[in-house]
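Here is a report on one protein chain. Look at the sequence and the 3D view, then read on.

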Amino acid sequence: MILPDIGRDHPLRANRDFRRFVAGQFVTNAGDSLYTVAVLWLVFELSGSTTLVGVANAVLLLPWLLQAVAGPIVDRFPVKPLLVGSQIVQGVVVLVFPLAAAAGRLDVDLLLAVVPILMLATLVMGPIEATLVPRIVADDRLPQANSALATVTLGLDMLFDAVGGGLIALVG
């Protein structure tokens, strides 16, 4: 049975909007971890070079330097379309990998070109979270909400990375 949305003043578990947002963050982080591990592993498989793996890892991390400009951009647009749009962009862009593999055109250059697009699409998540959570959670529940989101977005990254690495090692 699905609990009705009973508003901002009730516990987080009863806040339908918050539960949906946390579930979405959970799925997004799981996917992000899988493609991060997969990209690094694939760069090594294709090149055999630990240097290129380091370059790929840098490419994965460098777009975070743009996080400071993401907040003002998020403030200029409606949150829901931006959130959904960023997830759609990531989903479509990640399809480049299997399509390129099927066409026999998967190489390190393609990986290093596509990864920054994926990372740029994720940059809006932090500012969206900071904008959205106070809108859907009562002020006295914000510490609990932020803690729950930190657990999902940061704490579970280690678990997702490990599971992703295990899955990739088992199924390729």
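The report moves from the whole chain to its spans, its cores and its surface.

**The whole chain**

This is a predicted model. The protein chain has eight helices and zero strands. Read along the sequence, the pattern is therefore one helix symbol after another, α-α-α-α-α-α-α-α, under a definition that numbers helices from the N terminus. The C-alpha atoms fill a box of roughly 55 × 35 × 25 Å, taken along the principal axes.

The chain has 172 residues, and 34% of them count as buried. Its exposed area is about 9,900 Å². Carbon and sulfur atoms supply 69% of that area. Now take the contacts with a separation of 6 or more: residues 24 or more positions apart account for 76% of them.

**Spans from the record**

The unreviewed UniProt entry places the feature "transmembrane region" at residues 21-44, 82-104, 110-128 and 148-171. Two of these spans are compared here.

| Span | Helix | Strand | Distance between end C-alpha atoms |
|---|---|---|---|
| residues 21-44 | 100% | 0% | 35 Å |
| residues 148-171 | 100% | 0% | 32 Å |

**The largest nonpolar core**

Which residues touch the most other members of the largest nonpolar core? They are F18, F21, I128, V133 and V137, in a core of 18 residues. The elements that give two or more residues to this core are α1, α4 (79-94), α7 (125-136) and α8. Helix α7 gives the largest share, five residues.

V133 shows what such a member touches. Leaving aside its neighbours within four places in sequence, V133 is in contact with F21, L142, A145, N146 and L149. One of these partners, F21, is also among the core residues that touch the most other members.

**A second core and Y35**

There is a second, separate core of 14 residues. It includes Y35, V43, V93 and M119.

Y35 is found in helix α1 (residues 16-47). Is Y35 buried or exposed? Its relative accessible area is 9%, so Y35 is buried; the cut-off for buried is under 20%. Leaving aside neighbours within four places in sequence, Y35 is in contact with Q90, V94, L118, M119 and T122. M119 is thus a contact of Y35 and a member of the second core as well. Y35 and I168 are 133 residues apart in sequence, but their C-alpha atoms are 9.9 Å apart in space.

**Helix α7 and G126**

G126 also sits in helix α7. With a relative accessible area of 38%, G126 is partly exposed. The C-alpha atoms of G126 and A70 are separated by 8.5 Å, although the two residues are 56 residues apart along the chain.

**The nonpolar surface patch**

Nonpolar side chains are found on the surface too. L34, L159, V163, L167, L170 and V171 make a nonpolar patch of about 590 Å². Which helix gives the largest share of this patch? Helix α8 (residues 142-171) does, with five residues.

V163 is one of the patch residues, and its place is in helix α8. V163 has a relative accessible area of 43%, so V163 is partly exposed. That value lies between the 20% limit for buried and the 50% limit for exposed.

How values were computed:
Residues are numbered from 1 along each chain as its sequence is written. This is a predicted model: local features need pLDDT of at least 70, side-chain atom pairs count only at pLDDT 80 or more; totals for chains, interfaces and linings use all residues. Side-chain values use heavy atoms; hydrogens and water are left out. UniProt positions are given in the numbering used here, feature names are shortened, and annotations may be inferred rather than shown by experiment. Helices (H or I, at least four residues) and strands (E, at least two) are DSSP runs, numbered from the N terminus. Buried means under 20% relative accessible area, exposed over 50%, partly exposed in between (1.4 Å probe, protein chains only). Contact means heavy atoms within 4.5 Å. Patches are made of residues with over 30% relative accessible area and no salt bridge: like charges are joined within 9 Å, nonpolar side chains (Val, Leu, Ile, Met, Phe, Trp, Tyr) within 5 Å. Accessible areas come from the Shrake-Rupley method with a 1.4 Å probe; for residues, only the protein chains shown count as cover. A salt bridge is a side-chain nitrogen of Lys or Arg within 4 Å of a carboxyl oxygen of Asp or Glu. A nonpolar core is a set of buried Ala, Val, Leu, Ile, Met, Phe, Trp, Tyr and Cys residues joined through side-chain atoms within 4.5 Å.
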